[in-house]
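Please look through the chain shown here, first as a whole and then around one buried position. The report below follows that order.

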Amino acid sequence: MGVSNKTPEFLKINPIGKVPVLETPDGPIFESNAIARYVTRLKGDNTLYGSSLIEYAHIEQWIDFSSLEIDANIIKWYAPRVGRGPYLPPAEEAAISALKRALGALNTHLASNTYLVGHSVTLADIIMTCNLYLGFANILVKSFTSEFPHVERYFWTLVNQPNFRKIIGQVKQAEAIPPVQSAKKPSQPKESKAKAKDEPKKEANKVPEKPKEEAEEEAPKPKPKNPLDLLPPSPMILDEWKRLYSNTKTNFREVAIKGFWDMYDPEGYSLWFCDYKYNDENTVSFVTLNKVGGFLQRMDLARKYAFGKMLVIGSVPPFKVKGLWLFRGQEIPKFVIDECYDMELYEWTKVDISDEAQKERVNQMIEDYEPFEGEALLDAKCFK
């Protein structure tokens, strides 16, 4: 930047010298959204542009919204703080206000929609997710985004889908808003300039010697162990229980449930019920199912240490979401609470296995017993 993009050759393909530019056999294309639209239309039957004229219009609508309301205001807030423009507090306040208004509108739409348009990913979702990624990774801290839970659910669901993840990689949310930096480098004091002028040139070219400690190559530090790996050994082998659960096709109560309690180690593991806090929002079945599916996908980091069952309950909305989880150790692992934002959307209660009623509830949840607590099951999902 600032060198090859200012050459006459580059300015022929983009007259203002910006990137990206896509070179095609039919000529160059600049501007990100134009490139995205072109690539999408290269394949005639591509569903990323919807299946009807109205879906196409809605996709274009959300692309414009993403660029003008989300991306533009994130940049107005972020760029001055990292020295890419003059920092003016009133301008920042206006950008944050406009961004909150836009995220509020997006949050309302996503309360009853898994995706922006239709029931699958479209170009609008790709562009929206990329624009949100700029914010989530750099300036939109958890305390800010928690006001928009449906936007959070949407973003984390999409960035953890394989086709997003292989391009974006593992996404980590910004932990702090960047401090304000000056866009201009501080001027060098005159005295320093004069001193530098009087010094021999060879001193300017001299490379300072590194201290001996820095020169010595440090041995790579071992990767810290997960605290759960440091717990005393447990006679319960989690993978053996998961195999028994998966392989039991008949007499489930007599084989799998009995086998579970025979294996269960109450000192090395703990059982937890979870209840979704906002069941009144679960008015659309496929949105509720996708919400649970996204939660299980984000729990992948705990696969070595956990087993779970999630039930979506009810034949009519609003649907109830309840779950049962088996975790290594006596508490919910801290790294799960820290890394999986869904955890705070549920009320967690430790199971008292001395209570026969609670123990029977565990049995029914593992078994997908129906009716569960007097209601039909819409779906039952297993994490193993």
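What follows describes a predicted model, beginning with the chain and ending with a single helix.

## The chain as a whole

The secondary structure of this predicted model comes to 16 helices and 7 strands, and of the 384 residues in the chain, 40% count as buried. Among contacts between residues at least 6 apart in sequence, 71% join residues at least 24 apart. The accessible surface of the chain comes to about 22,700 Å², and carbon and sulfur atoms account for 54% of that surface.

## Ser66 in helix α3

Ser66 is found in helix α3, which runs over residues 53-81. With a relative accessible area of 0%, Ser66 falls under the 20% cut-off and is therefore classed as buried.

The side chain of Ser66 makes a polar contact with the side chain of Asn131, at 2.6 Å. When neighbours within four places in sequence are left aside, the residues in contact with Ser66 are Asp71, Ile127, Met128 and Asn131.

## Helix α5 and its packing

Helix α5 covers residues 123-138, and because each residue is taken at 1.5 Å, its 16 residues should span 22 Å; the end C-alpha atoms lie 23 Å apart, which agrees with that expectation.

The buried residues of α5 include Ile127, Met128 and Asn131, each of which is also in contact with Ser66. Others among the buried residues of α5 are Leu123, Ala124, Asp125, Thr129, Leu132, Gly135 and Phe136. The buried residues of this helix pack against α3, as well as against α2 (32-41), α4 (89-110), α6 (142-145), α7 (149-159) and α8 (162-168).

Conventions:
Residues are numbered from 1 along each chain as its sequence is written. This is a predicted model: local features need pLDDT of at least 70, side-chain atom pairs count only at pLDDT 80 or more; totals for chains, interfaces and linings use all residues. Side-chain values use heavy atoms; hydrogens and water are left out. Helices (H or I, at least four residues) and strands (E, at least two) are DSSP runs, numbered from the N terminus. Buried means under 20% relative accessible area, exposed over 50%, partly exposed in between (1.4 Å probe, protein chains only). A polar contact is a pair of N or O atoms within 3.5 Å; within protein, one must be able to donate a hydrogen and the other to accept it, and residues adjacent in sequence count only if both atoms are side-chain atoms. Contact means heavy atoms within 4.5 Å. The expected span of a helix is 1.5 Å times one less than its number of residues. Accessible areas come from the Shrake-Rupley method with a 1.4 Å probe; for residues, only the protein chains shown count as cover.
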